[in-house]
Amino acid sequence: MKSMERELQCPVCKDIVKQPVVLPCLHSVCLLCASEVLVQSGYPQPELPPEPNSPASTPNTRSPRQARRPMPKADRIDRALRPGFGTYPGRRRKEGPTQLMLFPCVPCGRDVELGERGLVDCMRNLTLERIVERYRHTVSLGSVAVMCQFCKPPQALEATKGCADCRASFCNECFKLYHPWGTPRAQHEHVQPTLNFRPKVLTCPEHDQEKLQFYCKSCQRLLCSLCKLRRVHTGHKIVPVTQAYQALKDKITKELNYILSNQGTVLTQITQLENAITQTEVNSVGAREQLAQCVRELMALLSERQAMLAQGLESSRQKRSEALANQVAERRSLLEHAGLMAFTQELLKETDAACFVHAARQTHNRLAQSIESLQSFSLSADPSFRHFQLDVSRELKLLTDLNFIQAPLAPVIDTQRTLAYDQLFLCWRLPQESSPAWHFSVEYRRRGVVPGGGRLEEVSGTSAVIDRLEMDSVYVLRVRGCNKAGFGEYSEEVYLHTPPAPVLNFYLDSRWGLHADRLVVSKEQRCARSVPGLSLLQAADRALTSCHLTADLLVGDVAVTQGRHYWACSVEPGSYLVKVGVGLESKLQEWFHLPQDMASPRYDPDSGHDSGAEDSSDSPPSFTFLTMGMGKIYLPPSANSHHGTANHRDGGITNGNGPSSPTGVTYPLPPRLGVCLDVEKGRVTFYDAHSLRPLWEGPVDCSAPVCPAFCFIGGGALQLQELVANRNADQTPVRRVTIQSRVTKLN
């Protein structure tokens, strides 16, 4: 039982608790320790009762008549700690608000708010007191006798009984004397002899003598019958304390049984922890040696560099000293009786003209040079050594920042570039303050799989392409970096929805006689732009009577006859009108080869959705389009009801049998529009490609090859979604058409 002593220690004095009180954070501390901590924090000291075993609380030498005086009440400790009881004499009612008390809880490592009433709201932990008493009796006080508090010394006998109402310990004779038969004292509850008596029950700290009979699950605190009626507990779930007792006891019993039934696991984990401690010591020694080795290498490199720089400095010093010494010798030769001056004076003594001229030319040149040197004197070498100063600010900063390598921080997912199309493309970056990463680990799993149960891929860059995924599924992805220090934290999870059908890869067909002055297709055949040019200018004479625009049709270079297919595109928000959809190849060719001006959509009764269903109400339309323009997308009214309804997740799709406005509705233009064609069912569904939310569904005739189609009315631009597989390719790969190719027949 000695191993339990750690659970009974006060976190402040590190001794077994005495008169423990429960803080709001559920930790228990000694009442005296809590009072001392509050005083050290600057709060006034409450008036505490004396220790239970002090002479003031030991009624020895009392006579039976003296013992009849009223005994201290059980809630004396609580009353002593009430505000205004011996602490604030003369306090007036209209004073300012009482300061909130903060108790620095050691186990929590933070300040715990006690409220305005301080320790008054902290009830005593009677259960812990009983456990401490049993522990002391079993371990420490098993051979120490509790003496009777009413026997006169030195004939005091060992106590055999304790009275919870009298709060004293008695021998047999004194107990009979102070509890006569037939009196109310005979009904007192007797307990084991002790020096620390506790209240029999917990009472409310705000309402005297009110038992705590209820428990508020919302506030997680005990209540009396009066506290239960307060407005602050309105709507809270309040249960009887017996019910809370039984529920909590059952939980603790279940948890205890679980731990006891897994003692093997506990022993195994203890062994692992002990091995980890041993390994920690060994690894710390190795890390310390590695640290010393790195420092030695740095010092050796510094010493080597210092020797090299010192050698260069010494070489420069020698050269400069030699140059200055030569200059000094040259100047000394110009003195009156030395060197060149003495030789010149002797030369002037020559009287033979021919010999003088022959010998004096060199002297003349030297004298001329000396005069020029005197007139323009300068040092032959710089003695300052200004160019030999070291700038070590960068190195000092590096040495100051020298620290052990840290694992990379959690990467930040680039949601603008991350997408799901034919494959998943995930892009991320490290925060600026993060340590570099050697490589990254990408985890991806289907939604519903627990974290850690997915598949991992190791990549060296800051992007990853994931293939072999299931259609119409939501995948959860996250990434973390790794370096010499190990793996860092995972990034936030990102959810990507795969397309509902295999992606159809196609290009814009430029073989249908495009009008170069109005429609331009890019070299890669994945982008088209319509510019209202000469044709609109030529029709300006009709602008006063009606508004006419030219419709330019553009189709994909692939037609399909079976299966389900999905593709996506983006429309420039500033476009006037752009129609995106599908249609029968033959009908589209017929429409293209019979070009005609079409009126403004404000005049067209079928504005927004061209279905071709006006000719026949029983057959599906030959082509189906959705209209976008001016930053909006127009969802037309419901299609023919006999074509059936698709069952979609979001339930907000506009279809044949779903509720819709008779005039259609408009929504903000999504960044990307997805189109899914089901040839077998003869249905086409339009999606918000970013979230895969269905926008509209309608029928289309699939009795013949069907191809993607785009129609421009006025200025606009459109771009097909590029395949993820082609993003990192240096050049456009060779196209592989897996469906029936369309053979264009031009008449």
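This is a short walk through some of the salt bridges in this structure, which is a predicted model.

Let's begin with the overall tally: searching the whole structure turns up 13 salt bridges. Side chains of opposite charge can pair when their charged atoms come close. Three of these pairs make good stops along the way.

The first stop is the pair formed by D401 and K397, whose side chains meet with an N to O distance of 3.0 Å. How accessible are these two partners? D401 counts as partly exposed because its relative accessibility is 47%, while K397, at 54%, counts as exposed because the cut-off for that class is over 50%.

Next, look at E443 and R478, whose side chains form a salt bridge at 3.2 Å, N to O. This pair links distant parts of the chain: E443 sits in strand β14 (residues 439–446) and R478 in strand β17 (residues 474–483), 35 residues apart. Are the partners buried or exposed? E443 has a relative accessibility of 2%, so E443 counts as buried, and R478 is buried as well, with a relative accessible area of 15%.

Our last pair is D678 and R564, joined by a salt bridge of 3.5 Å, N to O. Here, too, distant parts of the chain are linked, with D678 in strand β29 (residues 673–678) and R564 in strand β23 (residues 564–571), 114 residues apart. D678 is buried, its relative accessible area being 10%, whereas R564 counts as partly exposed at 35% relative accessibility.

Finally, return to E443 and R478 for a wider view: together with R445 and E493, they belong to one network, joined by salt bridges that share partners.

Technical notes. Residues are numbered from 1 along each chain as its sequence is written. This is a predicted model: local features need pLDDT of at least 70, side-chain atom pairs count only at pLDDT 80 or more; totals for chains, interfaces and linings use all residues. Side-chain values use heavy atoms; hydrogens and water are left out. A salt bridge is a side-chain nitrogen of Lys or Arg within 4 Å of a carboxyl oxygen of Asp or Glu. Buried means under 20% relative accessible area, exposed over 50%, partly exposed in between (1.4 Å probe, protein chains only). Helices (H or I, at least four residues) and strands (E, at least two) are DSSP runs, numbered from the N terminus.
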